[in-house]
Amino acid sequence: MAGACCKCPASLSVLKRSLSVAPRGCGSSPPRSVLQGWRRRGDRGLQEATRPSSALRTVGFYRQTAFLCLSCQESMSDSLRTCYVYLNQTSRSFAAVIQALDGELRHAVCIFYLVLRALDTVEDDMTISLEKKVPMLNNFHTYLYQGEWCFTESHEKDRQVLEDFPTISLEFRNLAQEYRDVISDICHRMGVGMAEFLEKKVGSVKEWDLYCHYVAGLVGIGLSRLFSASQLEDPEVGLDTELANSMGLFLQKTNIIRDYLEDTQEGRAFWPKEAWSQFASRLEDLAQPEKLESALSCLNLLVTDALRHVPDVIAYLSRLRNQSVFNFCAIPQVMAIATLSTCYNNPMVFQGVVKIRKGQAVTLMMEATNMRAVQTIIAQYSQEILQKVSLTDPTRDKTLHILAVIQEKSALPQPDLSCRNHHLSPMYLSAAMLVAALSWQYLSTTAAQAQGTGDMQ
């Protein structure tokens, strides 16, 4: 079993130093999954930076893992330290919240992330032939137990997680059996699902749900099972796969909705044909100015579909008892509903890139630390969407219905609130400040780059 990291609170001076030496000048990563649901197809709620693929120096490790206390770093094996280097390289935003998790759960989630990142890198690499890629995806979970397996033919920017997969698989095998079982199972199911959709377009809304399940819902289910396996959360959190799946689907659908223009420009199609075919003969036609009214109707239909997962999100978050797990899960969800509110009935979805404001993002990250605050945030953004619903929108009745349900659920008092410690201890306040500061720094950097190139993120 991987040794648990200590729980000592990181001092603010260490956190400030970690921010001052954080790598700069990074571009934005391309789309889509997880966690939140993480894979690139879901990372966009907390946008990540691209990473250098050159050899890593020792100083690079301390620059990129400075938000782990020094005693935690020193207690790690060399291979585990390398895994945290890869975590920070491949997801600077999620790296912050992962490293704020308590105890051995932190290591399990780190390895879970890297395994899925490696799997995703195989799926995303268009230079790998289908004849080679399909078996790799289907069998990827078996490589976790093959100590020497690696793949050196990838051209993706995250290829180091494949080239040095032996380091990741070693730390996977060092985890407790209950963690290994979860990670291997989710990796297997996700790989099979990815292989299924390699040559298959998302047709019906039901298929949209299935695709989002494979690339994000399974992440939510896997994380929930890890939370319970760590005993930081009750067994029911890991057993209720329906709620966990909804957590992933809500994030994934939000990312897909927002990324319409970029995806269509790059030849990708993730909006379900059953929805867009009601308004256009081709998905890319929705970007034409003369199609704006139809495009907005299709957009609002999909936003409404995504919103149906919010009651499950509220129910899921209300069960969590550990503060670090709650922060980890709540931040992406409030960012997602804020993004959906911005997207709803917004022509910019078809003309550029829609994102929430930097200050708004930081505020959400700082506030989403307890259930009452999260309910207030959800109620606020659902009310904003309500004010945008047009009298002539074809999905109006469905939108009003789900918003009414969300308002009702977000207004319900939470039972037995005293059983979770909601005060912000220095440790969690420091972690929240770190996440907010990293995100602010990243958003500021990418905004400056976008102005310099004339492109809108």
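Reader: Which residues does Asp209 touch, leaving out those up to four places away in sequence?

Author: This is a predicted model. In the model, Asp209 touches Leu249, Lys253, Asp305 and Arg308. Asp209 itself lies in helix 11.

Reader: What makes Asp209 and Lys253 a contact, and what is their C-alpha separation?

Author: A contact needs heavy atoms within 4.5 Å. Asp209 and Lys253 are listed as touching, so they have heavy atoms within that limit. Their C-alpha atoms are separated by 8.8 Å. Along the chain, the two residues are 44 residues apart.

Reader: Why is Ala275 called buried?

Author: Its relative accessible area is 1%. Buried means under 20%, so Ala275 qualifies. Ala275 is found in helix 15, residues 273–276.

Reader: Which residues does Ala275 touch, beyond those up to four places away in sequence?

Author: Cys298, Leu301 and Leu302. From Ala275 to Leu302 the C-alpha distance is 7.6 Å, with their positions 27 residues apart in sequence.

Reader: And what does Trp271 touch, on that same count?

Author: Its contacts include Cys298 and Leu302. Val202, Ile256, Ile257 and Tyr260 are also among them. So are Trp276, Leu283, Leu286, Leu299, Val349 and Phe350.

Reader: Which residues have the most contacts inside the largest nonpolar core?

Author: Phe140, Trp271, Leu286, Tyr316 and Leu317. The core has 127 residues. It draws at least three residues from each of domain 1 (77–176) and domain 2 (201–413).

Reader: How many aromatic pairs does a search of the whole structure find?

Author: The search finds 13. One of them is Phe140 with Phe165: ring centres 5.2 Å apart, planes at 70 degrees.

Reader: What makes that pair of Phe140 and Phe165 edge-to-face rather than stacked?

Author: First, the rings must count as a pair, so their centres must lie within 6.5 Å. At 5.2 Å, Phe140 and Phe165 pass. Next comes the angle. Over 60 degrees counts as edge-to-face, and under 30 as stacked. The planes of Phe140 and Phe165 are at 70 degrees, so the pair is edge-to-face.

Reader: What does the pair of Phe140 and Phe165 tie together?

Author: Phe140 lies in the loop between helix 7 (130–139) and helix 8 (160–163), and Phe165 lies in helix 9 (residues 165–174), so the pair ties together parts 25 residues apart in sequence. Phe140 and Phe165 are both buried.

Reader: Why is the pair of Trp149 and Phe165 called edge-to-face?

Author: The angle between the planes is 90 degrees. The cut-off is over 60, so edge-to-face applies. The centres are 5.4 Å apart. Trp149 lies in the loop between helix 7 and helix 8, so its pairing with Phe165 in helix 9 ties together parts 16 residues apart in sequence.

Reader: How do you know whether Trp149 and Phe165 are buried or exposed?

Author: Trp149 has 14% relative accessibility. For Phe165 the value is 0%. Both values are under 20%, so both residues count as buried.

Reader: Which residues form one aromatic cluster with Phe165?

Author: Phe140, Tyr143 and Trp149.

Reader: What makes Lys200 count as lying over the face of Phe197?

Author: Lys200 is at 4.9 Å from the ring centre of Phe197. The distance limit is 6 Å, so that test is passed.

Reader: What makes phi of Gln231 worth a note?

Author: Most residues other than glycine have a negative phi. In Gln231, phi is positive, near 70 degrees. Gln231 lies in the loop between helix 11 (205–229) and helix 12 (235–239). Its relative accessibility is 71%; exposed means over 50%, so Gln231 is exposed.

Reader: Why is Asn345 called partly exposed?

Author: Asn345 has 28% relative accessibility. That falls between the limits of 20% and 50%, so partly exposed fits. Asn345 has a positive phi too, about 55 degrees. It sits in the loop between helix 18 (323–343) and helix 19 (358–367).

Reader: What pLDDT does the chain average?

Author: The average is 80, and 73% of the residues score at least 70. Over residues 1–67 the pLDDT is below 50. It is also below 50 over residues 414–457. Where pLDDT is low, the predicted coordinates should not be read in detail.

Definitions and conventions
Residues numbered from 1 in each chain as written. Predicted model: local features only at pLDDT ≥ 70, side-chain atom pairs only at ≥ 80, totals over all residues. Heavy atoms only, no water. Core = buried A, V, L, I, M, F, W, Y, C linked by side-chain atoms within 4.5 Å. Buried < 20%, exposed > 50% of the residue type's maximum accessible area, 1.4 Å probe, protein only. Domains from an automatic or database assignment. pLDDT = per-residue confidence, 0-100. Phe/Tyr/Trp six-rings, centres within 6.5 Å; stacked < 30°, edge-to-face > 60°. Helix = DSSP H or I, 4+ residues; strand = E, 2+ residues; numbered from the N terminus. Lys NZ or Arg CZ within 6 Å of the ring centre and 35° of its normal.
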